[in-house]
Protein chains: 2
Amino acid sequence: MLDERTRKILCAVVKNYIDFPDPVGSRTVAKKYSFGLSPATIRNIMADLEDMGFLRQPHTSAGRVPTDRGYRFYVDSLVAEEDYANQRLLRELHKGLETLRDNIDTLFSETTRTISLLSHYLGVAMSPKPNIATLKKIDLLRFRADRIAAVLFTDDGIIRNKVLSFDLHMTQKDLNRIAGYLNSEFSGCTFDEIRLKILKEMTLEKTICDNLISNAISICKEAFFLPYGDLFVSGLSEVLDLPDFADLQKIRELSRAIEDKHTVIKLLDKLSEADGVQIIIGSENSMEEMKKLSIVVSPCKEGNRPIGVIGIIGPTRMNYSSAISIVDTTAKFISRMLAER
Amino acid sequence: MLDERTRKILCAVVKNYIDFPDPVGSRTVAKKYSFGLSPATIRNIMADLEDMGFLRQPHTSAGRVPTDRGYRFYVDSLVAEEDYANQRLLRELHKGLETLRDNIDTLFSETTRTISLLSHYLGVAMSPKPNIATLKKIDLLRFRADRIAAVLFTDDGIIRNKVLSFDLHMTQKDLNRIAGYLNSEFSGCTFDEIRLKILKEMTLEKTICDNLISNAISICKEAFFLPYGDLFVSGLSEVLDLPDFADLQKIRELSRAIEDKHTVIKLLDKLSEADGVQIIIGSENSMEEMKKLSIVVSPCKEGNRPIGVIGIIGPTRMNYSSAISIVDTTAKFISRMLAER
DNA sequence: TATTAGCACTTAACCATTAAGAGTGCTAAA
DNA sequence: TTTAGCACTCTTAATGGTTAAGTGCTAATA
């Protein structure tokens with residue numbers, strides 16, 4: 001569709017605009033990216049690119065600026081080169097995160113910090129949601145007079161606990177028996193499956209005479225309904241230095257976007273099951289507040305199972321090359337680390 | 001020191017400046033706050049107040065603006081009136097937080113959201129730090145091949161768990177015995193005390209022949225060193241609408257201030273042991289990035305024991321009256337809720 | 001036919017100037 | 001002691017002129 005020369009000029013414009021936040025003129029392209037063409041020729045080509053929707057002019061007689069479609073073209077033609085920066089990144093990750101292996105929340109929150117420091121954009125991470133984790137073991141422990149603490153062990157290696165109110169008095173022995181029953185019944189099932197089973201059990205309505213089972217079910221009703229994965233964002237002070245957010249309105253939009261955690265979680269969730277780095281540019285985004293931002297994310301996986309998502313949020317004028325490489329390296333590092341434990 | 005009339009004029013200036021973000025002129029004060037004095041007289045008094053350091057002029061021939069000292073005077077003379085807004089606040093709190101009682105982290109993060117929504121400033125909260133909690137019970141559970149999960153119950157009602165690496169193979173029975181030993185030894189002690197005891201034990205150096213005790217100690221070495229209380233901040237998009245943060249530099253300072261979690265935690269920590277609402281105005285703040293911000297905080301207590309801190313961060317030109325009332329009401333609400341469980 | 005040089009035109013950004021408006025300090029009168 | 005009046009200061013917004021960057025178009029050129 002685009003011939004070689006046109007393609008190169010488009011990339012040159014995008015690249016230059018990423019490096020310097022001003023509209024790119026034909027002269028600049030001619031000078032900096034020795035095509036052996038005069039500004040006039042390049043002007044013609046740029047006008048074509050504008051017609052095709054890859055570039056646009058902020059106003060008549062300004063230089064050109066990439067559209068989201070232009071960025072998309074550039075990104076697709078990018079091969080994320082594993083450069084020396086990755087070495088530095090890996091060292092950084094080792095130093096900062098190695099000890100956090102067993103505390104997923106801290107791990108993810110520190111990861112966002114590291115990512116944002118290195119990329120100078122926002123670092124984001126979503127910790128694993130419980131519903132596809134499979135239960136390995138449940139322990140029930142007495143706690144205060146009328147409370148039970150359910151400690152849930154899952155194959156994602158995260159220990160979750162939930163406090164349940166329970167008016168009946170039960171000894172630790174009772175609880176152990178119930179836990180034993182639940183383990184035999186549910187271990188190996190995912191949380192989703194367990195919830196389904198419980199609902200079925202409850203609708204069966206057969207008068208459950210077995211006290212143990214009836215108690216077990218009331219416990220389950222609460223225990224397996226856990227909060228969704230958490231969202232971590234950091235690096236606001238990094239992006240405020242970018243000229244893209246020099247204007248108050250932009251900052252407002254950005255902060256509204258990242259404070260709407262619920263929507264961001266849903267967004268990241270969709271991306272958590274794919275493989276490798278994924279990029280969403282500006283208007284490609286379904287989330288209203290994000291239509292002027294780009295996202296570069298990668299799922300973290302332990303084996304095949306998604307265990308969270310990490311990524312970068314920044315302006316559409318983002319250094320995609322470096323962002324991709326940082327996200328990719330970090331996601332792989334974390335995946336490897338989690339697999340090793 | 002200040003006569004009645006002077007005091008009233010000072011308060012009028014501060015109040016007006018809080019309501020409208022422009023320097024306050026003598027005419028405005030004369031008109032709006034019927035003192036029965038002409039602008040000229042008020043001008044004289046305002047000049048006096050400036051000499052005394054309660055007001056200042058942004059530039060010659062502008063109206064007056066309160067200094068930090070001026071705000072301080074105003075705040076000290078404020079009686080936080082429990083007004084109808086509190087009723088609304090309480091309803092809001094009931095609706096939003098009641099179900100979260102047993103999940104402290106979610107409770108605190110939701111609280112910041114509620115506070116920021118109501119106050120239109122930043123909501124902050126620090127969840128309890130573990131070091132002054134007293135241990136009620138510890139359970140040790142086998143987990144994967146070489147890991148042990150320590151589940152810690154404390155009198156602040158929070159269940160903490162920590163994963164320990166441990167190369168020796170131990171059965172659940174072994175662990176139960178060790179847990180029993182630890183419970184008999186440490187329950188009723190604060191984490192601080194426990195850490196001290198362990199250190200002492202370790203330096204005793206007497207060849208510990210008892211396998212159980214030696215294992216118990218290695219477990220303790222890890223188990224009782226827990227991450228510090230967490231900091232929650234939300235409501236950035238609220239404050240961005242304030243004229244006080246109309247300028248980029250201010251926003252940068254603010255975001256740097258709240259991203260430096262470590263320092264903020266230290267700051268809040270200091271305030272967590274006092275009683276009731278505390279207010280720090282601008283330059284009174286020891287934290288460099290906060291010298292242009294004000295903080296209104298209150299500890300949450302369960303009985304006598306601090307269990308966290310909640311508060312508001314905003315510009316020095318803050319509606320102190322409403323901020324105080326919101327923080328006070330919320331802190332009391334949470335304290336009561338925690339005590340009831 | 002594809003490229004280039006030249007030129008008129010557009011626009012934003014910058015600067016200085018101006019005028020309006022708000023508020024002060026000072027002085028003199030009440 | 002308070003107030004009225006007035007000259008003065010400073011900010012803000014509007015105005016207009018200039019500059020620099022960059023375009024689109026046309027005509028010449030390889």
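**Close-up views of a predicted model**

**View 1. Helices of both chains at the surface near DNA strand D.** In this predicted model, the surface near DNA strand D draws at least two residues from each of three helices, namely helix H2 (26-32) and helix H3 (39-51) of chain A and helix H3 (39-51) of chain B. Of the elements at this surface, H3(A) gives the most, with four residues.

**View 2. The residues around DNA strand D.** DNA strand D is surrounded by 21 residues, and the closest of them are A:Gly25 and A:Ser26 from chain A, together with B:Thr41, B:Thr60 and B:Ser61 from chain B. When the residues of this surface are sorted by character, 11 are polar, seven are nonpolar and three are charged.

**View 3. The side of chain B that touches chain A.** Here 23 residues of chain B are in contact with 23 residues of chain A. On the side belonging to chain B, the elements that give two or more residues are three strands, E4 (135-143), E5 (147-154) and E6 (159-165), and two helices, H10 (236-239) and H11 (248-259). The largest share of this side, six residues, is supplied by H11(B). By character, the side of chain B that touches chain A holds 13 nonpolar residues, along with five polar and five charged ones.

**View 4. The domains of chain A.** Chain A is divided into domain 1 (4-67), domain 2, which is made up of two segments (82-129 + 229-339), and domain 3 (131-223). Between domain 1 of chain A and domain 3 of chain A, the distance from one C-alpha centre to the other is 63 Å.

Terms used
Residues numbered from 1 in each chain as written. Chains lettered and ligands numbered in written order. Predicted model: local features only at pLDDT ≥ 70, side-chain atom pairs only at ≥ 80, totals over all residues. Contact = placed C-beta atoms within 7 Å. Nonpolar A, V, L, I, M, F, W, Y, C, P; charged D, E, K, R; others polar. Near = placed C-beta within 6 Å. Domains from an automatic or database assignment.
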